[in-house]
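I opened this model to look up how its chains are built and how they meet. My notes follow in the order of looking.

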Amino acid sequence: MGPLAVNEIISENTNLFLAFLIGIGFGFVLEASGFSSSRKLAGVFYGYDMVVLKVFFTAAITGMTGLLLFSLFGWIDLSLVYVNPLYVTSAITGGVIMGGGFILGGYCPGTSFCGASIGKIDAMVFIAGLFIGVALFAAGYGWFEDLYMAAFKGDPKISTSLKMSDGVFVLLVILIALAMFWIAEIVEEKFPREEY
Amino acid sequence: MSDIKKDRKKNYLNPYMGGVLLGLVLLAANYIAGRGLGASGAVKSVVVTAVTTIAPSAAENSGFIKEYRESHKGNPMKSWLVFQMAGVIVGGFLSGALSGRLELKVEHSPKITSRKRLLLALAGGILFGFGSQLGRGCTSGAALSGMAVLSLGGFVTMMAIFGTGFALAYFFRKNWI
């Protein structure tokens, strides 16, 4: 039963090798979907290219539904799967700063590696920025530690906090995603641009 | 289909298909490793390695590195995310090569110079690097992977990222459109 590495069905080294293969899949799909282009990525904020919304939401609902089904079939023990913790203050401030980084840089870490892998110099410079940003955080950690550790709430699930079952919540997200896709198609028709 | 859509010479995947495939990769990661995809964590590993190698005494006193070591024993480069990101570079390159998109260039709107684009990219990267540490993840690790496991923390970070992007978009529109 999955997760394979956590249940020690595969060794740590096999897990790392598979991480490399998973990464190849990740990078390939991102690039093939156009996430190697900063102008395409920024498009979601202006309406001229909604690829980020379409890919992101589809991937999220595929992943969510897949995990629930796997759990239903007894193929995975969801209690052993990592759920991101919630530290309210840093989650919000970090997200706001990243949002600024996104609109300025037109990339996020994963997509910048994709862009760099096909030769985008602006992606390479973005990556250099990433290292500087992480180093700045590391250097100033003493000042940020309190904020970073504030308001820890464990690792709650959205479904639990809304007092819904996981399945009902996933269904809700699917419905919201379908509505978002419909809106995205309309928005793109309104703001046509060339393909980047 | 409008004429603009017919002009789409770039042979990108249909985004919904891309999304399904990405979701399957995400599912595979969770099934195999018990965790989702990520990116910024690999940058963190490299920074930890660099500091530990170049300035070991600073590393001894670094709260940042102590915090990292609490959840990562052993060599920081022998980490799931570092291996995954190595794969991302290979996968991105393969896709670009197969689709004829390999080209060394600065991608920018014709309304700004490439120099300006590079400065913006640097600034964006610095903000994203810093923010990803505070946020304990980026759009891949917190938002996308977080959503797949219904994480409230991931969701909050995701809303903050995209909400801020939308809020600031108007002020930076000249760089994009």
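The entries below go from the chains to their contact, and then to single helices and residues.

**Entry 1: the chains**

I noted at the start that this is a predicted model. I looked up chain A and found nine helices and zero strands. Read along the sequence, chain A gives the pattern α-α-α-α-α-α-α-α-α. I took the extent of its C-alpha atoms along the principal axes and got a box of roughly 45 × 45 × 35 Å. Of the 196 residues in chain A, 55% are buried. Taking contacts in chain A between residues at least 6 apart in sequence, I found that 67% join residues at least 24 apart.

I did the same for chain B, which has nine helices and zero strands. From the N terminus on, the elements of chain B run α-α-α-α-α-α-α-α-α. Its C-alpha trace spans about 60 × 40 × 35 Å along the principal axes. Buried residues account for 56% of the 177 residues in chain B. For contacts in chain B between residues at least 6 apart in sequence, the share that joins residues at least 24 apart is 53%.

**Entry 2: the contact between the chains**

How many residues does each chain bring to the contact? I found 114 residues from chain B and 116 residues from chain A. On the side of chain B that touches chain A, the elements that give two or more residues are helices H2 (15-33), H3 (40-54), H5 (63-71), H6 (80-98), H7 (114-134), H8 (139-148) and H9 (152-169) of chain B. H2(B) gives the largest share of that side, 18 residues. By class, I counted 64 nonpolar, 36 polar and 14 charged residues on the side of chain B that touches chain A.

**Entry 3: H3(A) against H2(B)**

I then looked at H2(B) beside helix H3 of chain A, residues 51-72. The two axes come within 7 Å and cross at roughly 40°. That angle makes H3(A) oblique to H2(B). The crossing of H3(A) with H2(B) is right-handed. The residues of H3(A) that meet H2(B) include A:Val51, A:Phe57, A:Gly63, A:Gly66 and A:Phe70. Those of H2(B) that meet H3(A) include B:Pro15, B:Gly19, B:Gly23, B:Leu26 and B:Tyr31. By class, this contact has 14 nonpolar, eight polar and one charged residues.

**Entry 4: H8(B) and the core**

Is H8(B) enclosed by the rest of the structure or not, and why? I found 10 of its 10 residues buried, so H8(B) is largely enclosed by the rest of the structure. Among these buried residues are B:Thr139, B:Gly141, B:Leu144 and B:Met147. I looked up what covers the buried residues of H8(B), and the cover includes H3 and helix H5 (109-117) of chain A together with H2, H3 and H9 of chain B. After H8(B) comes B:Leu150, whose phi is positive, near 60°.

The largest nonpolar core has 113 residues, and A:Ala60, B:Val25, B:Leu26 and B:Leu144 touch the most other members. H3(A) gives the largest share of this core, 12 residues. I followed A:Ala60 and, leaving out residues up to four places away in sequence, found that A:Ala60 touches B:Leu144, B:Met147 and B:Ala148.

**Entry 5: B:Leu127**

I picked B:Leu127, which lies in helix H7 of chain B. B:Leu127 has 24 other C-beta atoms within 10 Å, and is therefore buried. Leaving out residues up to four places away in sequence, B:Leu127 touches A:Ile97, A:Met98, A:Gly100, A:Gly101, A:Leu104 and A:Gly133. B:Leu127 and B:Leu144 are 17 residues apart along the chain, and their C-alpha atoms are separated by 19 Å.

**Entry 6: a helix pair within chain B**

Last, I looked up H3(B) and H6(B), which pack at an angle of about 115° with their axes 8 Å apart. That makes H3(B) roughly perpendicular to H6(B). Their crossing is left-handed. Here B:Gly41, B:Ala42 and B:Ser45 in H3(B) meet B:Leu81, B:Val82 and B:Met85 in H6(B). By class, I noted four nonpolar, two polar and no charged residues in this contact.

Conventions
Residues are numbered from 1 along each chain as its sequence is written. Chains are lettered from A and ligands numbered from 1 in the order in which they are written. This is a predicted model: local features need pLDDT of at least 70, side-chain atom pairs count only at pLDDT 80 or more; totals for chains, interfaces and linings use all residues. Two residues are in contact if their C-beta atoms, placed from the backbone, lie within 7 Å. Helices (H or I, at least four residues) and strands (E, at least two) are DSSP runs, numbered from the N terminus. Ala, Val, Leu, Ile, Met, Phe, Trp, Tyr, Cys and Pro count as nonpolar, Asp, Glu, Lys and Arg as charged, and the others, Gly among them, as polar. Axes are lines fitted to C-alpha atoms, for helices over the stretch in contact, and angles run from 0 to 180 degrees between N-to-C directions. Angles under 35 degrees count as roughly parallel, over 145 as roughly antiparallel, 65 to 115 as roughly perpendicular and the rest as oblique. A crossing is left-handed if the near helix is turned anticlockwise from the far one by less than a right angle, and right-handed if clockwise. A residue is buried if 20 or more other C-beta atoms lie within 10 Å of its own, exposed if 12 or fewer, and partly exposed in between; C-beta atoms are placed from the backbone. A nonpolar core is a set of buried Ala, Val, Leu, Ile, Met, Phe, Trp, Tyr and Cys residues joined through C-beta atoms within 7 Å.
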